[in-house]
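Here are my notes for you, written as numbered points. Keep the model open while you read, and click on each residue as it comes up.

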Amino acid sequence: MRGALTYVAQRYKVSVDAVRPVLEAVQVIGQEQRIDPLLIVAVIGVESGFNPFAESTMGAKGLMQIIPRFHRDKLPTGLDARAFLDPVTNIRVGALVLQEAIERRGGVAAGLQYYGGSSDSERLYANKVLAERARLERAAQRAAG
């Protein structure tokens with residue numbers, strides 16, 4: 001993830017020190033939930049630009065832009081809606097929502113469209129996330145090679 005770390009810091013103009021714990025959490029959560037960590041990172045980039053305090057007009061919050069009224073049931077016991085702004089909790093819930101969307105829709109592209117709340121037939125949202133994932137993959141490969 002070293003190459004992805006550098007890429008994210010440069011692309012989103014975020015400190016490497018601020019991004020490092022986010023990517024570490026993504027790796028752990030991705031492994032736990034059996035979802036591609038680079039896909040999670042790509043969703044974070046598209047959804048929030050790595051702003052952990054991002055909030056949309058629809059009420060989506062945090063790195064993965066989780067809508068609390070739809071996903072409060074996925075919060076660990078004892079946490080309230082403020083937890084959606086905690087980066088690790090937001091990633092954990094977001095990865096779970098993404099994983100469910102992929103399973104429910106039968107594939108990554110369709111799952112991404114569902115996750116992003118988009119129903120366009122050209123799959124613009126999914127294509128945007130998958131393009132970002134491809135850029136992350138290339139950055140990771142350059143750093144490894």
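1. First, a bit of vocabulary: the helices here are DSSP runs of H or I with at least four residues, numbered from the N terminus. With that in hand, you can place Lys13, which sits in the loop between α1 and α2. One more thing before we go on: this is a predicted model.

2. Stay with Lys13 for a moment. What is the sign of its phi, given that Lys13 is not a glycine? Phi is positive, about 55°, and this happens just after α1. Is Lys13 buried or exposed? Lys13 counts as exposed because its relative accessibility is 75%, and the cut-off for that word is over 50%.

3. Now go along to Arg34, in the loop between α2 and α3. Arg34 is another residue other than glycine with a positive phi, near 55°. Arg34 has 78% relative accessibility, so it counts as exposed.

4. Next, look at the inside. The largest nonpolar core has 43 residues, and Ile44, Ile91 and Tyr115 are the ones with the most contacts inside it. Which helices feed it with at least two residues each? They are α1 (2-11), α2 (16-33), α3 (37-48), α5 (87-105), α6 (108-115) and α7 (124-144).

5. Zoom in on Ile44. If you skip everything up to four places away in sequence, Ile44 touches Val22, Val26, Gly49, Phe50, Leu63, Met64 and Ile91. Ile91 is on both lists, as a partner of Ile44 and as one of the residues with the most contacts in the core.

6. Helix α1 deserves a look too. Its buried residues are Gly3, Ala4, Leu5, Tyr7, Val8 and Ala9. What do they pack against? The answer is α2, α3 and α7. As you turn the helix, keep a general rule in mind: an α-helix has 3.6 residues a turn, so residues three or four places apart point the same way.

7. Gly3 is a nice example from α1. Its relative accessibility is 10%, so Gly3 counts as buried; the limit is under 20%. Setting aside neighbours within four places in sequence, Gly3 is in contact with Ala139, Ala140 and Ala143. For a sense of scale, try the distance from Gly3 to Gly107: they are 104 residues apart along the chain, and their C-alpha atoms are separated by 27 Å.

8. Move to Val129, in helix α7. Its relative accessible area is 0%, which is why Val129 is called buried. Beyond residues up to four places away in sequence, Val129 touches Leu39, Ala42, Val43, Val46 and Leu112. You can also check Val129 against Gly116, 13 residues apart along the chain, with 9.7 Å between their C-alpha atoms.

9. Two lysines may catch you out. Lys61 is in the loop between α3 and α4. Is Lys61 buried or exposed? Buried, because its relative accessible area is 18%, and the limit is under 20%. The side chain of Lys61 makes a polar contact with the side chain of Glu55, at 3.0 Å. Leaving out neighbours within four places in sequence, its contacts include Ala54, Ile66, Pro68, Phe84, Leu85 and Asn90.

10. The other one is Lys74, in the loop between α4 (68-71) and α5. Lys74 has 18% relative accessibility, so it counts as buried. Which side chain does the Lys74 side chain meet in a polar contact? That of Glu100, at 3.5 Å. Apart from neighbours within four places in sequence, Lys74 is in contact with Val93, Leu96, Val97 and Glu100.

11. Last stop, the largest pocket, with a volume of about 410 Å³. Its lining has 19 residues, and Ile67, His71, Tyr114, Tyr115 and Gly117 lie nearest its centre. Tyr115 should ring a bell from the nonpolar core, where it is among the residues with the most contacts. Helices α4, α5 and α6 each give at least two residues to the lining, and the largest share, 4 residues, comes from α5. How does the lining divide by residue type? There are 10 nonpolar, 5 polar and 4 charged residues.

How values were computed
Residues numbered from 1 in each chain as written. Predicted model: local features only at pLDDT ≥ 70, side-chain atom pairs only at ≥ 80, totals over all residues. Heavy atoms only, no water. Core = buried A, V, L, I, M, F, W, Y, C linked by side-chain atoms within 4.5 Å. Buried < 20%, exposed > 50% of the residue type's maximum accessible area, 1.4 Å probe, protein only. Contact = heavy atoms within 4.5 Å. Polar contact = N/O pair within 3.5 Å; in protein donor to acceptor, adjacent residues only side chain to side chain. 1 Å grid on protein atoms, 1.4 Å probe; cavity = no way out; pocket = protein on both sides within 12 Å on 5 of 7 lines; lining within 4 Å. Points joined across faces, edges and corners; volume = space filled by probe spheres on them. Nonpolar A, V, L, I, M, F, W, Y, C, P; charged D, E, K, R; others polar.
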